[in-house]
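Here's a quick tour of the pockets in this one. Have the structure open and follow along.

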Amino acid sequence: MMMFCRNIGVLFLCLASLSRVNCQEVTSVSNTDTLAKHTSVKKKKKRKKKYKLPKIDLSHWKVTLPIGNPDEVEPPEILDYANNDLLKKYMYNDSTQGALVFYAVPNAKTSNTKYSRSELREQMVPGDNSVNWTFEQGGKMRGRLRMGEISRDEKGKYHKTIIMQIHGRLTNEQRDLIGQKDNNAPPILKIYWKDGKVRVKTKILKNPNASNTEILKTDAWTDDKGYTFKEEVGFKKFTLEVKVTKGKMVISLNNNEFAVYQDANIRRWGVFENYFKAGNYLGTRDEGAFAKVKYFELKINH
């Protein structure tokens, strides 16, 4: 009887030992699985971080390039810009930073200017330049961007480039009224990257008493003295917002500094149609000059 109990005890000890071994083996396998899953998740996260896309809907934009006469690409072709051979050098993704890059060099230019650009032009109706907006209708453009690279002049100073605009446009009736060959009107707003700062230029009337017909002509307007925001953005990311309403235009930098225009010049600007522009309009013809502007976000509302 005593022998039987001892055998039973040995049996329980063996079973207990086996049980502990099995538990350790299961735990070991479980830890391995967890580690594998954790490593897999980390790899996926790294993969997601490696490839980023800009937050920009191009369905209401066309782009003008510093090549051709110059060449332009409109919707819907612009939506496949990554596979468009014409665009690949001048408008392309920086997928490590999640930016849309606009590259410009002195080359092809549009009418009424001597400078080249890689720049988006708003089209309220995709593929159609004739539908635009007035200050009374209002609009807002907001972008998150930074200067990528830019050349220097012979004195060692950085060249400048326009990164945002509001451009005026004549209706067909206004064009015919003043006998002009095209629908071009002055830009009421130019925003520059200049020497690491953001500079704003707008238009004022040469003659404040000019008639409503006279102010339709480009030479009725001239540049104001301009305003430079205090914050130095350098080559860092920054946010620009342009908001227009009837008789008023507000430009903000990083939602911290504001330039407000609401004088008689802005009120009289209400006679024109307008469209937004964004990108890289290089302000030099120097040989070897270039600039790369990177947009991470761009959005317009009306």
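The largest pocket has a volume of about 710 Å³. Its lining takes in 27 residues, and the ones closest to the centre are S111, N112, H167, N184 and Y275. Keep in mind that you're looking at a predicted model.

Which strands build that lining? At least two residues each come from β2 (61-64), β6 (117-122), β8 (161-169), β9 (184-194) and β16 (273-282). β9 supplies the largest share, with five residues.

Now for the second largest pocket, at about 200 Å³. Here the lining is made up of D57, S59, H60, W61, E122, Q123, M124, L298, K299, I300 and H302. The top contributor is strand β17 (residues 291-301), which puts in three residues.

Here is how the two linings break down by class:

| Pocket | Nonpolar | Polar | Charged |
|---|---|---|---|
| Largest pocket | six residues | twelve residues | nine residues |
| Second largest pocket | four residues | four residues | three residues |

And how far does the predictor back all this? The chain's average pLDDT is 88, and 84% of the residues score at least 70. Residues 1-30 are another story: pLDDT there is below 50, and the stretch makes zero contacts in the model beyond near neighbours in sequence.

Terms used. Residues are numbered from 1 along each chain as its sequence is written. This is a predicted model: local features need pLDDT of at least 70, side-chain atom pairs count only at pLDDT 80 or more; totals for chains, interfaces and linings use all residues. Side-chain values use heavy atoms; hydrogens and water are left out. On a 1 Å grid over the protein atoms alone, a cavity is a set of points where a 1.4 Å probe fits but cannot get out, and a pocket is an open set with protein on both sides within 12 Å along at least five of seven lines; lining residues have an atom within 4 Å of a point. Grid points are joined across faces, edges and corners, and a volume is the space filled by probe spheres set on the points. Helices (H or I, at least four residues) and strands (E, at least two) are DSSP runs, numbered from the N terminus. Ala, Val, Leu, Ile, Met, Phe, Trp, Tyr, Cys and Pro count as nonpolar, Asp, Glu, Lys and Arg as charged, and the others, Gly among them, as polar. pLDDT is the predictor's confidence in each residue, from 0 to 100. Contact means heavy atoms within 4.5 Å.
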